[in-house]
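Got the viewer open? Walk me through what to select, stop by stop, and tell me what is there.

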Amino acid sequence: MHQDPDPEAASPAPAVAVVVVRSGGIAGLTRRWDVEAEASDADEWIDLIDACPWDDEDADDDEDAYAREGDVPRGADRFAYRVSARMPEGPERHAALSESQASGPWRALIDAVRAASPR
Amino acid sequence: MHAIVPPYLLARLAEADAPHLADAAEAARATLALPRVYHPTLTDLDVSVEGDALVFEGSPSPDRVISDAQHRENLPGVRVRAEGEPAVADIAVDEAYDGLGETFDFLWDAFRRASIDGTGGRLEATVHYGEKYDNAFWNGERMVFGDGDGEVFAGFTGSLSVIAHELGHGVVEHSGGLAYRGQSGALNESIADVFGALTEQHSHRQRADEASWLIGAGIFTAAVQGEALRSMKAPGTAYDDDVLGRDPQPAHMRDFVKTTDDNGGVHINSGIPNKAFHLAATALGGYAWERAGRIWYLTLTGGTLTPTTDFAAFAAATLRTARAEYGETSEEAAAVRTAWSGVGVTIGASGS
């Protein structure tokens, strides 16, 4: 129940909120995209979020982020992602992903957030 | 005259003992020593007349292959231009081909290094990677270039410093590597920028005080308020834009940025060693690759760095190189020490 007379605060909290932060790349530019969805059109977002293997995250510690051969780090200037999602139930979820990990369902979610984000 | 020299001619040149053919013989021996398991060795042979002598000078020539990902994200893509083939009707392909050639020439002319691996290995690049892909990267084997989204980035192959930067990552890896995280990652980035800036300066025959010291000039669209990705001369000033924000690079250790993004700020804190290189190069003057560049290159390839080398250890290593190459009390050693001190990286009195 919202008692606040401010009309903006009167709108109900979004059912789903997703934030994607992309850093790195040769430019080292950090870009942020986010989307919020009301309960009426949350189902599509919930499907996208549930499809991602959140429990397998921790990309930062995964040697796949910069695949190594012996002690030699390989590759440079790839993107790095942080993704967070809030849904009607359960705790907020977070994941840190290398570009190569941001594939499959992660890529689908990231692309959808970018497409729906104001800029 | 430029030609691909057949091995029998190289062998004869290598065995020549006439004094006036000494350079040619040495070059021929070096060329013959290059491994050729994976590729034929290409060599440019310059023949000139000096007095009554015929002078042969050999130098390695690049072996480039450019592929087109056709806007997909699969590598390598379709092979569209190989070494010696004529230009094609695709500016990204030709810019990549030419940029790899400029970088190859720089490495050989400045450091007598034959290609990324030092043994004349093939240079491979892929263009048109992905849809509106906003990046250029090194995947451990090849350089990969997106076309940009047309809103922030207008493409990446138009900047020689970007092409040489990616190739520089290859040189770093072949020299033992610097882990791509935190300070060692920022050094990896900075050394790639040094290769980028020096290749551009070498291509334009610019002295240290004439150069822009910009990385990626011209790759932003006209809509972006900014002239380049980074400035080695003035880190933190390359762009200041409504959407992108302000260039976050520090130029001094007191402004070192702690972050988990960007692999621990590897493209951000590289501003500190970038500025140190700029200070050393401008203090010494002349062509930056001749002394400052040589000191950095010999430090990278000297076998004393570890994958987790930090700024202080790298600074001490550059000072040791400068002392070994130019003398304990040389102006080069003094310039290196002063440069690092100028960005807040102190080297102990013993140089360690």
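**Where the chains meet**

Start by showing chain B and chain A together: they bury about 2600 Å² between them, 50% of it on carbon and sulfur atoms. Buried area here is the accessible area (1.4 Å probe) that two parts lose on being put together, summed over both. Now pick out B:Glu173, B:Tyr180 and B:Asp261, which lose the most area to chain A in chain B, together 19% of what that side buries.

Before going on: this is a predicted model, where local features need pLDDT of at least 70 and side-chain atom pairs count only at pLDDT 80 or more, while totals for chains, interfaces and linings use all residues. Residues are numbered from 1 along each chain as its sequence is written, chains are lettered from A in the order in which they are written, and side-chain values use heavy atoms, leaving out hydrogens and water.

Next, select the contact residues (heavy atoms within 4.5 Å): 37 residues come from chain B and 27 residues from chain A.

**A salt bridge**

Zoom to B:Glu141 and A:Arg74, a salt bridge with its closest N and O atoms 3.8 Å apart. The term means a side-chain nitrogen of Lys or Arg within 4 Å of a carboxyl oxygen of Asp or Glu. Between chain B and chain A the count is three salt bridges.

**Along H3(B)**

Finally, select residues 91–111 of chain B: this is helix H3, with 21 residues (helices are DSSP runs of H or I, at least four residues, numbered from the N terminus). Of those 21 residues, 15 are buried, meaning under 20% relative accessible area (1.4 Å probe, protein chains only). Just after H3(B) sits B:Arg112, with a positive phi near 55°.

How values were computed: Helix = DSSP H or I, 4+ residues; strand = E, 2+ residues; numbered from the N terminus. Expected span 1.5 Å × (residues − 1). Buried < 20%, exposed > 50% of the residue type's maximum accessible area, 1.4 Å probe, protein only.
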